[in-house]
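Colleague: I have the sequence and the model open, and I would like to go through some of the ring contacts and one of the pockets with you.

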Amino acid sequence: MDLDAFTSVHQASWARLDELSRRRRLSGAESDELVRLYQSVATDLSTVRSSAPDPEVVSRLSQLLARARSRIAGAHEPSWLDVSRFVVQTLPAALYRIRWWTVAVAAVCVLLAVVAGWWVATNPDALAAMGTPSQQRDYVDNAFESYYDPGAGFAAMVWTNNAWIAAVSVGLGISGVIPAYLLVSNAVNVGATGGMMAAHGRLDIFLQLIAPHGLLELTAIFVAGAAGLRLFWTWIDPGPRPRARALAEEGRALITVAIGLVGVLAASGLIEGFVTGSTLPWPVKIAVGVLALAAFWAYTLVLGRRAVGDGHTGDLEDDEAGYAVAVAG
């Protein structure tokens, strides 16, 4: 095929398609013309590729068709409406749907922490496993309190660490083992530390330093663990849906949870970085933690109930997630 001759013959239609695809408004006739030219130029591109694949012409026509396709189908541009929908509907719906899983995980973790703390505080052998007497004293009197060094760097470190734990709990939740291990180890470690502080008469300092940020931070970890375990349970019992479809739908909804927890953990990191170690009175610090936790649950229960009632699940919309083949039952 003579590419120069081919280009010369079709140049006018290519230029016309380029002109129409760049216009801000089109009449009905021009819209029909745009579609016809798009189909024609797509055929021209196929011909060039198969008969005379000149890179310059192929690139030019590909870009032209991409612009025309966006003009015909409409390009989706992220906007504040997408963010608003995520914050007001998608995320609270996902959190609301796992609320009882979160409560169950929180209850088990708190029980484990209390048992571990009681065991360390009352059993000399368990207390000895926490370190030598001098190491324990240094930790209780200095290290534990000095850890909470106010500042943006500390807040960023805390946020990164906790966001990673939450992401792993959700992302690998289908295993069932990993989120359970992270939850149990975290509960036991926190409880054992509290038990050691109690054994040295410093339980009040432990609770004062944990409460401001820990109420929200630990809740976020409980939510992440609950999300992971919910995905694992979906794999075991998908209900009336095919297992692959159920896992896809629940997995996308729980990834929504993981994204939302980034913001929750950022808030707890800010509290830990700028409130916990600050010179504010302890009642004020604890009040900040209680208000942050209350705000989270109000967000989950009030907006979540409304969003679920409107049919939201935390999953993507059909046109974003892909359409599923209908199944019986």
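Colleague: Is Trp-297 buried, partly exposed or exposed?

Modeller: Bear in mind that this is a predicted model. The relative accessibility of Trp-297 comes to 22%, and the buried class holds only residues under 20% while the exposed class begins over 50%. Trp-297 therefore falls between the two cut-offs and counts as partly exposed.

Colleague: How are the planes of Trp-118 and Trp-119 arranged: stacked, edge-to-face or tilted?

Modeller: Four aromatic pairs are counted by the rule applied here. In the one formed by Trp-118 and Trp-119, the ring centres are 6.2 Å apart and the planes meet at 50 degrees. Since stacked requires under 30 degrees and edge-to-face over 60, the angle of 50 degrees makes this pair tilted.

Colleague: And which geometry does the pair of Phe-296 and Trp-297 have?

Modeller: The centres of these two rings, Phe-296 and Trp-297, are separated by 5.4 Å, with 80 degrees between the planes. An angle over 60 degrees is the criterion for the class in question, and the pair is accordingly edge-to-face.

Colleague: What class of accessibility does Phe-296 have, buried or exposed?

Modeller: Phe-296 has a relative accessibility of 8%, and the cut-off for the lowest class is under 20%. Phe-296 therefore counts as buried.

Colleague: Over the ring of which residue does the charged end of Lys-285 sit?

Modeller: There are charges placed over rings in this model, and one of them belongs to Arg-99, whose charged end sits over Tyr-96 at 3.8 Å from the ring centre. For Lys-285, the charged end is 3.7 Å from the centre of the ring over which it sits, and that ring belongs to Trp-282.

Colleague: Turning to the second largest pocket, which element gives the largest share of its lining?

Modeller: This pocket has a volume of about 490 Å³, and among the residues closest to its centre, out of the 23 that line it, are Val-190 and Phe-206. The elements that give two or more residues to the lining are α5 (99-122), α9 (177-199) and α10 (203-236). The largest share amounts to ten residues, and it comes from α10.

Colleague: How many charged residues does that lining have?

Modeller: Divided by class, the lining of the second largest pocket has 16 nonpolar and seven polar residues. The number of charged residues in this lining is given as none, that is, no charged residues.

Definitions and conventions: Residues numbered from 1 in each chain as written. Predicted model: local features only at pLDDT ≥ 70, side-chain atom pairs only at ≥ 80, totals over all residues. Heavy atoms only, no water. Phe/Tyr/Trp six-rings, centres within 6.5 Å; stacked < 30°, edge-to-face > 60°. Buried < 20%, exposed > 50% of the residue type's maximum accessible area, 1.4 Å probe, protein only. Lys NZ or Arg CZ within 6 Å of the ring centre and 35° of its normal. 1 Å grid on protein atoms, 1.4 Å probe; cavity = no way out; pocket = protein on both sides within 12 Å on 5 of 7 lines; lining within 4 Å. Points joined across faces, edges and corners; volume = space filled by probe spheres on them. Helix = DSSP H or I, 4+ residues; strand = E, 2+ residues; numbered from the N terminus. Nonpolar A, V, L, I, M, F, W, Y, C, P; charged D, E, K, R; others polar.
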